[in-house]
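Biologist: Please take a close look at the spaces in this model, the open ones and the enclosed one, and at how the helices pack. I would like one connected account, with the cut-off for each term given as you use it.

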Amino acid sequence: MKFIGRTEQLNKLNRVIARSNKAEAMQTVLIYGRRRVGKSELVKQLLKNTAIQSIYYECKQVAEESNARDICTILSERLQLPKLGYKSMEEVIEYVFQRSCEENMIFVLDEYPYLRENIKGMDSILQTLIDKYRDSAKLTFIILGSYVEIMRNLLEHTNPLYGRIDLTINLKPMDYYESAEFYPGFSEEDRVKIYSVFGGIPYYNRLVDDSVSVEENLMELLVAPESRLENEVSMYLNAEISKITNANEVFEALARGYSKYKDILDQSHVSSGPTLVDVLDKLSNMEVVEKRTPINDEGNKRKASYHISDPLSAFYYRYIFRYASQRKIMDPRVFFEKYVQEDFESIYVPHYFEEICKQYLIRKNRAGKISPAIEKIGKYYYDLPAERRNGEFDIVTQDENGYIFYEVKFRKEYIPASVIREEISQVKATGMNCYQYVFISRSPVILDGVEDPVTVITLKDLWK
């Protein structure tokens, strides 16, 4: 299957390999990110396109001697050697380091946390070997891991590996633009809908079939009993969280639209405030929940809100987990029509369309195609005491000239000029220093009689 995206990361890795070869010195790379984000595929693509001798080993949740035996087998096969008899990982790794003093090599330890879990002092062992061979080994040493919190710990100043990592890649989900390359046959509307469920995780997107409808994909992959991804969310949560009940409670509250700390605490059955803080921190570190503050009041904790940043988790808790009992006894299509379809079209997808629009603006900004450059993007909080009301605008950008207001619409009906004028009037009433108004719409926008500076962005524009 065609490898999609990750050009920037591949370029970084190739530069590291070139430095190792040129300087005849070891380069150590740390790659981490949530499960299914494509870490292993990234490295395999790198190895596929290089003539340099490479050793790739995926660590297992077994005893040290078993891991050592298995990697010895790989070494014997790759290097055409007699059977090696090392029984400790320290001996095996040192053998590879010694060998790379003679020839340029790439050595990959995938799922390193499994090794670290079963071998006491594994980080210190690596530190000692890296220090010993750093100036003599012509080696690119790559460490991968899916347990984000553990992998980040390797970068802490208290960890033995601190200062030994030459390149760190926190591999994030792809954005909406790259993800669409997995399903080029879909229309712009259907790409929005698919991304709203499967997000930027390559593993999920490879399962999407753009020769059938969005609904058929959802039925086959998520909605029907025993579907391919029905246990995916619970599986990755159980792998990283000990008290899954608390995580379920928080996700349920977030999926129902509660985003403020107090509301989440009131709506969930989490036992206490400190417990809720721990759960939110854990989910944030896993990069499936995101904490946001208004761009015009970033330091105000009371205005902070929490959101499910992983679309699959959001879909799962909004529909599959919430209506689990009904799903078990109903025909899948009847279940979809009753509990999913209308809410999905009118509320769920429009919410994630906002995320897509923010990604579009960030992508254009990074490419230098927005002037003046955006310096901040996010929600804007306003307070009107005289009218006894306050609220937030969902997408606002700030640059050297002031603010730009964005209204995002994912509805089938055209947007009349009266709606445009009303939206602009609401912005002006807050006193926000706004010098431009932008409407991103699925349907045509009518501007007859609108006097203020308005820019319209269509769905097609998002993929240009």
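Modeller: What follows starts from the pockets and the cavity, then turns to the helix contacts and ends with two details of the backbone.

The model is a predicted one, in which local features need pLDDT of at least 70 and side-chain atom pairs count only at pLDDT 80 or more, while totals for chains, interfaces and linings use all residues. Residues are numbered from 1 along each chain as its sequence is written, and side-chain values use heavy atoms, with hydrogens and water left out.

The largest pocket holds about 1400 Å³ of space (the volume being that filled by probe spheres set on grid points joined across faces, edges and corners). A pocket here is an open set of points on a 1 Å grid over the protein atoms alone, with protein on both sides within 12 Å along at least five of seven lines, whereas a cavity is a set where a 1.4 Å probe fits but cannot get out, and lining residues have an atom within 4 Å of a point. In the largest pocket the lining is made of 40 residues, and those nearest the centre are Lys172, Pro173, Asp175, Gln359 and Arg366. Two or more residues of that lining come from each of α1 (7-23), β6 (289-292), α18 (332-366) and β8 (376-384) (helices are DSSP runs of H or I with at least four residues, strands runs of E with at least two, numbered from the N terminus). Of the elements, α18 contributes the most, with seven residues. Sorted by class, the lining of the largest pocket has 19 charged residues, eleven nonpolar and ten polar (Ala, Val, Leu, Ile, Met, Phe, Trp, Tyr, Cys and Pro count as nonpolar, Asp, Glu, Lys and Arg as charged, and the others, Gly among them, as polar).

The second largest pocket contains about 530 Å³ of space and has 24 lining residues, with Arg36, Val37, Gly38, Lys39 and Ser40 lying nearest its centre. For the second largest pocket, the elements giving two or more lining residues are α2 (39-48), β2 (53-58) and α10 (202-205), and α2 gives the most, with five residues. The class division of this second lining is eleven nonpolar, three polar and ten charged residues.

As for enclosed space, the count comes to one cavity of 30 Å³ or more. The volume of the largest cavity is about 60 Å³, and the residues that line it are Arg34, Arg35, Tyr236, Glu240, Met286 and Val288. By class, the lining of the largest cavity splits into three nonpolar and three charged residues, with no polar residue.

The element that gives the most to the lining of the largest pocket, α18, also packs against helix α16 (residues 311-320), their axes coming within 11 Å and crossing at roughly 140 degrees (axes are lines fitted to C-alpha atoms over the stretch in contact, and angles run from 0 to 180 degrees between N-to-C directions). The two helices α16 and α18 are therefore oblique to each other (under 35 degrees counts as roughly parallel, over 145 as roughly antiparallel, 65 to 115 as roughly perpendicular and the rest as oblique). The crossing of α16 past α18 is right-handed (the near helix being turned clockwise from the far one by less than a right angle). On the α16 side, Pro311, Ala314, Phe315, Arg318 and Tyr319 meet Phe335, Tyr339, Val340, Asp343, Phe344, Ile347, Tyr348 and Tyr352 of α18 (contact means heavy atoms within 4.5 Å). The residues of this contact comprise eleven nonpolar, two charged and no polar ones.

Helix α16 has a further partner in helix α11 (residues 214-223), where the angle is about 85 degrees and the axes are 12 Å apart, and α11 and α16 are therefore roughly perpendicular to each other. In this contact Leu218, Leu222 and Val223 of α11 meet Leu312, Phe315 and Ile320 of α16, which gives six nonpolar residues and no polar or charged ones.

Another helix pair is α4 (residues 89-99) with α6 (residues 122-133), packed at about 20 degrees with axes 11 Å apart, which makes α4 roughly parallel to α6. From α4 the contact takes Glu90, Ile93, Glu94, Phe97 and Gln98, and from α6 it takes Met122, Ile125, Leu126, Leu129, Ile130, Lys132 and Tyr133, so that by class there are eight nonpolar, one polar and three charged residues.

Finally, the peptide bond from Ser371 to Pro372 is cis, with omega near -5 degrees, and Pro372 sits in the loop between α18 and β8. In the segment before α1 lies Arg6, a residue other than glycine whose phi is positive, near 60 degrees.
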